[in-house]
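Q: Could you walk me through reading strand pairing, cores and salt bridges in a model like this one?

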Amino acid sequence: MKQPPVIVVQLVHIAGPGKGKIETFSEGTISIGRNPTCNVCFPPDFTGISRDQADIVREGNQFKLIDHSTNGTFVNGKQVKEAYLKNGDILEFSQGGPKVSFLTAVQDVAIEPVRPLPSSQKDAPGDIHRQEIQKKLIQPAPETQEKLSVQETSTSLIIQYGPTIRSFNKMPVTIGRNPTCEFALDRPAILAIHAQIFYSQNQYWIKDLTSQRSVRINREPIGLQAPFAINDEIALSPNGPVFRVVGEGRLAEVEEPFSDKPQMRPRPEEPETKESRGLLSKVKKYLEDKLQ
């Protein structure tokens, strides 16, 4: 049987002390402020932020921001006391203060029923095998077993996009249409906060922040996050842009995004033979005689 869908909230820090950090929550209320008990806790010396700055409260399938602060909370640049949030909204805690991007994702949780065995049948020869199968069934999917923590590192990244080359000396690098992203892309298929490239466990990784399984490596959706290596092709969406990994920490845009459909080669024209030329001349002469 299935439980109701679990809606997970992701807050992507795009400015402030936690820049590059992604926090994930499934609670009904997310508290924000300098108080150490807050879910999103800012350093004590950030006095522009109140100890109890704001709450994000789930109401059904919607999320409401409720401001409790002295210096105000802003949604997409507009100060609010209460506001319903949507994917990609930018929250700013006090004017000029830290900013986060608000994202949601729906996760269906399946529960495998496990019936207790009668005491007389416990540890029967076939039951040990059945218990092993049940353990495997209730194990989480591989991508949820290990969520790497994104840490700021001094690893470099170079991205060639069209005629421009962007160099970054720190990771992570956030990609999206929002101008606050380190690598801003003004493309219709790109969301405000779309993806993030980071370095962990001695390799480069890309994280999909769209909640739509948009990011692909070699045509395969990555789920939450995946490492990439030289010669891999990374598509930020089914409609591009596409980048090829040409070296360690070096990405270059592929001019024509790959397609899952096989490409059809144009059929070559058949060479004109002597017989076909003779037939055409006879037909032409016949038509001219008729018209005269």
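A: Sure, with two ground rules. This is a predicted model, where local features need pLDDT of at least 70, side-chain atom pairs count only at pLDDT 80 or more, and totals for chains, interfaces and linings use all residues. Residues are numbered from 1 along each chain as its sequence is written, and side-chain values use heavy atoms, with hydrogens and water left out.

Q: Let's take pairing: how many bridges join S22 to strand S23?

A: Strands are DSSP runs of E, at least two residues, numbered from the N terminus, and two of them pair if DSSP finds at least two bridges between them. Here S22 and S23 (residues 250-254) run antiparallel, joined by five bridges. One of the partnerships is Gly247 with Arg250 in S23. Two residues sit between the strands of that hairpin, and Gly249 there has a positive phi near 70 degrees.

Q: And what happens between strand S21 and strand S22?

A: S21 (residues 233-235) pairs with S22 (residues 242-247), again antiparallel, over three bridges. Ile234 has Phe243 of S22 as its bridge partner. This hairpin has six residues between its strands, with Gly240 at a positive phi near 85 degrees.

Q: Which residues touch the most other members in the largest nonpolar core?

A: In soluble globular proteins, nonpolar side chains tend to be buried together. A nonpolar core here is a set of buried Ala, Val, Leu, Ile, Met, Phe, Trp, Tyr and Cys residues joined through side-chain atoms within 4.5 Å; buried means under 20% relative accessible area, exposed over 50%, partly exposed in between (1.4 Å probe, protein chains only). The largest has 23 residues, and Ile197, Ile206, Phe228, Ile234 and Leu236 touch the most other members. Elements giving two or more residues to this core include strand S16 (195-200), strand S17 (203-208) and S22. Apart from it lies another core of 21 residues, among them Ile7 and Leu85.

Q: How many salt bridges does the structure hold?

A: Side chains of opposite charge can pair when their charged atoms come close. The cut-off is a side-chain nitrogen of Lys or Arg within 4 Å of a carboxyl oxygen of Asp or Glu, and the structure holds nine such bridges. One of them joins Glu233 and Arg244 at 2.3 Å, N to O. Glu233 lies in S21 and Arg244 in S22, so the pair ties together parts 11 residues apart in sequence.

Q: Are Glu233 and Arg244 buried or exposed?

A: Glu233 counts as buried at 14% relative accessibility, while Arg244 is partly exposed at 34%.

Methods. Helix = DSSP H or I, 4+ residues; strand = E, 2+ residues; numbered from the N terminus.
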